[in-house]
Amino acid sequence: MADVAELPTPPPSTTDFPDDVVDKFLLDGSQSPIDEVPAGPSSKHRFERKMGETELSYFLPSRQTGVNDMYLHLGFKAPARVAQRARVCTAWAILRQRHPLLSARAEMRDYDDVRFIYDAPSSAEHAYRDADANLEYRTQSKDELIDTYLNGPRTLSNSRLSYLILSEPPSSPTLMPTPPRTPSPTHVPLEAETASEDEAEAEAQREYELLICAMHFLGDGMALHQFANDFFGLLGGAKSDDELRDMLQEEWLARWQTLPQESVLPAALEDNMPLRTSKFRQAVAQVDFQLSQQRLIGGQVFPRRKHPERHTIVPTVSFPEERTRAILQKCKAHGVSISAALFAVCNAAWARIGRGGGSAAAPTLMYSALNLRPYFSVRRPAPWDSYWYLAIGYFNVVLPSFVPADRAAAERAFWLRARQAKEQSTRAAKSPLVASRTHEMARERGERSRVWAKEDDERELGTYIPPPPPPPAPSSQPAREPVFPVRAKSSSAALIGLSLLGNLDGIYKHAAFPNAELHTLTTGSRQRQGAMLLFGYTFKGKLWISLGYDCNGFEGDVVDRFWKEALDCVDEFLG
């Protein structure tokens, strides 16, 4: 598979550096604080650990085409000095030291033995060079950046688990030719005039597009957004370039001046929420998990089609701040959050477009991610307390698949569904069995991903042989009494997944980076064929809703009609 390094090199940006920037930055004694450093790891000191079941369930499907590779796009304005490659790379290097999984690689030894391999940096210079090798400057627009990442050759690989792309689009107004200078009064000294012009030019605001790329088995959306906040805190904060270089040196010394005796890698999800082992506890966990799975009744699905080529698009809308405030106030008045209301929006939109798949009686099942960080009982000491690790589970919301025709009744039904979504979400989050269900789900997902990965590899090699049907039970053996309640078989197919990120302004401390003004945020991941995920969040005081889906994977215009109806439902019910 082609690597991003094989793609044509884009034209150099006005903020890019020549090839020898690293040598000039690090090896010139007048600039670098990295000379005469105490000896750290004299050669590659290696740390490794096996992936847990949840990490494996994300790693194995990603191997061929990068399914689930995450991205976070942030559009921002900043002076050119803020986006200089040396400054960006130093901030990137600092955070890669704090979060070692970003600099690790993945090594597959068997379907149940895949490892993170992390080689400690031998110096701050080494950490900088490693960051520089995983940083790219481009001149693409936001849409081109995202489309290339989602639909082009895979950017990430087993030896590149994270990557940073900074783009300065050529259409930026600040890149247009500067008009002729107005003559200055003759009494102004030339030196003062030149300095004033240089200062004004240096502080002119330019438009930039940042793309943070990371494998999903490294972490989740919360890690991605916290990382972006920390990155801009360094990049757009008050520290000078020299102070950032000093910080890079200090970060390296804090970790590697004395070689740690324990693993520096964050633990797997399952190890962060350990369970006491006993046969009775395991039996209870298995019974509870099976019963909870039996309650998942769906059957409403988008009609799909087979197409040889996947093509993901992400239509996105944002609502002005004043309207966003009104929407949030209306949700509060009805006792729900915007997240719960978005479940009801999808439910109503699907019912109104006339069900492309599934019977009229089948309910609508939707799924979403559950942040498991509050349930973790293992805490690592500084400086190895990285937040880059996987910490998500899943919960489901099941709602009726009809809406009343009468407008007043439809609105009452909408808010009832929103409250039902809230109740189901709260019940999932507050269950005392979250930990045991997470372990059982991890075990099931891990086993399933191993079976599918082995089958995929054998099909690619032409050696796949379907497994034989299970042998019939001996007629002499009496039938066993079922342990679980007997229920009619029903579909558990989900209509859509929702990624509800909440109020991201609670994560992004905009006042901490006055030299970088964020204005646009889009997030998602590379998808498998026929995939779909709706995102909802508030950012910079605005409500944002986006729908990432494979436009080749669905029949006719069913998704276009659903998206239009969803936005109409926002207008009708949320205001």
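This report walks through a predicted model of one protein, from its confidence to a few individual residues.

**Confidence and overall make-up**

Let's start with how far the model can be trusted. The protein has an average pLDDT of 87, and 83% of its residues reach at least 70. One stretch that falls short is residues 1-39, where the pLDDT is below 50, although this stretch still has 72 contacts in the model beyond near neighbours in sequence. Residues 175-197 also stay under 50, and here the model has 9 contacts beyond four places in sequence. Where pLDDT is low, the predicted coordinates should not be read in detail.

As for the secondary structure, the protein contains 15 helices and 15 strands. Of its 575 residues, 47% are buried. Contacts often span long stretches of the chain: among those between residues at least 6 apart in sequence, 86% join residues at least 24 apart.

**Cysteines**

If you are thinking about redox conditions at the bench, here is what the model offers. A disulfide is a covalent bond between the sulfur atoms of two cysteines. The count for this protein comes to 0 disulfides. Two cysteines can be described by their accessibility. Cysteine 89 has 0% relative accessibility, so it counts as buried, being under 20%. Cysteine 551, in turn, counts as partly exposed because its 28% lies between 20% and 50%.

**A pair of packed helices**

Two packed helices are described by the angle between their axes and the distance between the axes. Helix 10 covers residues 279-294 and helix 14 covers residues 434-461; their axes lie 9 Å apart and the packing angle is about 75°. Helix 10 is therefore roughly perpendicular to helix 14, since the angle falls in the range from 65 to 115 degrees.

Which residues in helix 10 and helix 14 meet? From helix 10 come Ala285, Gln286, Asp288, Phe289, Ser292 and Gln293, and they face Ser436, Arg437, Glu440, Met441 and Glu444 of helix 14. Sorted by class, this contact has 3 nonpolar, 4 polar and 4 charged residues.

**Backbone details in the loops**

Three loops hold backbone features that you may like to look at. One is a cis peptide bond, which runs from alanine 382 to proline 383 with omega near 5°. Proline 383 sits in the loop between strand 10 (364-371) and strand 11 (392-399).

The other two are positive phi values in residues other than glycine. Asparagine 68 has a phi near 80°, and its place is the loop between helix 2 (53-62) and strand 2 (70-79). With 18% relative accessibility, asparagine 68 falls under the 20% cut-off and so counts as buried. Lysine 540 has a phi near 55° and belongs to the loop between strand 14 (532-539) and strand 15 (542-550). Lysine 540 counts as partly exposed because its relative accessibility is 30%.

**Residues brought together across the sequence**

The table lists three pairs of residues, with their separation along the chain and between C-alpha atoms.

| Residue pair | Separation along the chain | C-alpha separation |
|---|---|---|
| Alanine 369 and serine 499 | 130 residues | 6.5 Å |
| Tryptophan 415 and glycine 335 | 80 residues | 9.0 Å |
| Asparagine 503 and lysine 540 | 37 residues | 9.3 Å |

Take alanine 369 to begin with. This residue lies in strand 10, and its 40% relative accessibility makes alanine 369 partly exposed. Apart from neighbours within four places in sequence, alanine 369 is in contact with Gly393, Tyr394, Phe395 and Leu498.

Is tryptophan 415 buried or exposed? Its relative accessibility is 2%, so tryptophan 415 counts as buried. It is part of helix 13, residues 407-430. Setting aside residues up to four places away in sequence, tryptophan 415 touches Lys330, Cys331, His334, Val336, Phe573 and Leu574.

Asparagine 503 belongs to strand 12, which covers residues 496-503. At 48% relative accessibility, asparagine 503 stays below the limit of over 50% for exposed residues and therefore counts as partly exposed. Its partner in the table, lysine 540, is the loop residue described above, between strand 14 and strand 15.

Definitions and conventions:
Residues numbered from 1 in each chain as written. Predicted model: local features only at pLDDT ≥ 70, side-chain atom pairs only at ≥ 80, totals over all residues. Heavy atoms only, no water. pLDDT = per-residue confidence, 0-100. Contact = heavy atoms within 4.5 Å. Disulfide = S-S within 2.5 Å. Buried < 20%, exposed > 50% of the residue type's maximum accessible area, 1.4 Å probe, protein only. Axes fitted to C-alpha atoms, helices over the stretch in contact; angles between N-to-C directions. Helix = DSSP H or I, 4+ residues; strand = E, 2+ residues; numbered from the N terminus. Parallel < 35°, antiparallel > 145°, perpendicular 65-115°, else oblique. Nonpolar A, V, L, I, M, F, W, Y, C, P; charged D, E, K, R; others polar.
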